[in-house]
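Student: I should like to learn how to read the charged side chains of a protein model. May we work through an example?

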Amino acid sequence: MNFTTRFAPSPTGPLHLGHAYSALLAHDMATARNGQFLLRIEDIDQSRARPEWEDATYTDLHWLGLNWPAPVMRQSERGAAYGEALNQLWTRGLLYPCTCTRRDIEAAASAPQEGAPLHGPDGVIYPGTCRPKEPKTTLPIPKDTALRLDIARALATLPPEPLCFTETGAGPDGASGVITTAKSDLLASVGDVVLLRRDMGTSYHLSVVLDDAIQGITDVVRGRDLFEATQIHVLLQQLLGFPTPTYHHHRLIRDDTGKRLAKRDDARAIAKYRAEGATPTDIRAMIGL
C-alpha cells in the first residue's frame, strides 16, 4: 500500500508550534515517500469545538505550505460508524455501562494492590467497580451512560500472542522497532477503558481506530505522549478486524521551562508568529525541521 498518513487536530483552540511540527513532519514523510497526507478534524467534543478554530486550522496549515485532498473527514459526521462498532462490541459481550464519576474512580483506586500501577494511558486505572459478572448482549445499548471495554473478556476472544506494532520513531524510553505487549501486562497496566463517553457518543480511542482504518492510514505520525495509548489501539484493531498501521511517535515541542505546549499557550500560536512577520521557513527553523 502507498504511504498514507494524516494530521488530526481538534478545533478547540489555536494551533501552536507543536502542531506545526507534527503536521510538517507527517507531510514531509509523505512527500519523501511519494505518499499521501490527509487532514482529519477531530471534533467529537462538540462542547469545545468551534467553527472559527476549524477555519483557523485551515488558514494556518495552508500558510505553512501544506495541502491535502478534499473533502476533509470530520468526526462529528461519523456518529453512525462509531455506533455500529459499539453495537458490534456490545453484542459480543465486550462492553458494559459505567456510572462512576472521576471522583468515584480515584477513591476506589486509592488503595491499589501492592506492585500494581495506579495510572495508565487514560489516567487512573479503572478498578472495575461497574464490571458485571455476566455481560448483557441484547440491543439497544443503554443510553446516557458511559460504556467501558471489558479488557479481560476482550483478550479472551483473541489468540494468546502478544500485541505488537512497528515503531519507526521512538517511545518515551527511546523504544523503536517491533514493540510487543503481553496480554497479561495490558490487563494490569491499562484497565477497562471508556469507548463511549456519555457526552460524545464515542471516545478518542474508538474514533481514532475507526477513522484511521476507513482512511487507509498506513503510518500514524503523532506525538510521543500517545505512545502508551497505542497498545489500546492495537487491541481495538484486532477486535474489529482492522490492520495495524506502522506508528511514528515524535518528540514533543516544549517551552523554555521544558513544559509541553498546549492550546492555551497562545504566545506560541502559529497565527501570532505569522502576524509578527515570521515566514514558514522561520517556523521550520524554530522547530528543527
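Tutor: The discussion below concerns overall form and then salt bridges. Please note that this is a predicted model.

Student: What does the radius of gyration say about the overall form?

Tutor: For 289 residues, a compact globule would have a radius of gyration near 19 Å, and the protein agrees because its value is 20 Å. The C-alpha trace spans about 60 × 40 × 35 Å along the principal axes. The protein contains 10 helices and 12 strands, and 48% of its residues are buried.

Student: How many salt bridges does a search of the whole structure find?

Tutor: Side chains of opposite charge can pair when their charged atoms come close. Here the search finds 15 salt bridges. One of them joins Asp60 and Arg274, with an N to O distance of 2.8 Å. Asp60 belongs to helix H2 (residues 51–63) and Arg274 to helix H9 (residues 270–275), so this pair ties together parts 214 residues apart in sequence.

Student: Are Asp60 and Arg274 buried or exposed?

Tutor: Buried means under 20% relative accessible area. Asp60 has 3% and therefore counts as buried, whereas Arg274, at 25%, counts as partly exposed.

Student: Which residues do salt bridges with shared partners join into one network?

Tutor: Before that, consider Asp199 and Arg197, which form a salt bridge at 3.4 Å, N to O. Asp199 is exposed at 54% relative accessibility, and Arg197 is partly exposed at 38%. The network itself comprises Arg6, Arg40, Glu42, Arg78, Asp211 and Asp212. Within it, Glu42 and Arg40 meet at 3.3 Å, N to O, and both are buried.

How values were computed:
Residues are numbered from 1 along each chain as its sequence is written. This is a predicted model: local features need pLDDT of at least 70, side-chain atom pairs count only at pLDDT 80 or more; totals for chains, interfaces and linings use all residues. Side-chain values use heavy atoms; hydrogens and water are left out. Helices (H or I, at least four residues) and strands (E, at least two) are DSSP runs, numbered from the N terminus. The radius of gyration is taken over C-alpha atoms; the globule rule is 2.2 Å times the number of residues to the power 0.38. Buried means under 20% relative accessible area, exposed over 50%, partly exposed in between (1.4 Å probe, protein chains only). A salt bridge is a side-chain nitrogen of Lys or Arg within 4 Å of a carboxyl oxygen of Asp or Glu.
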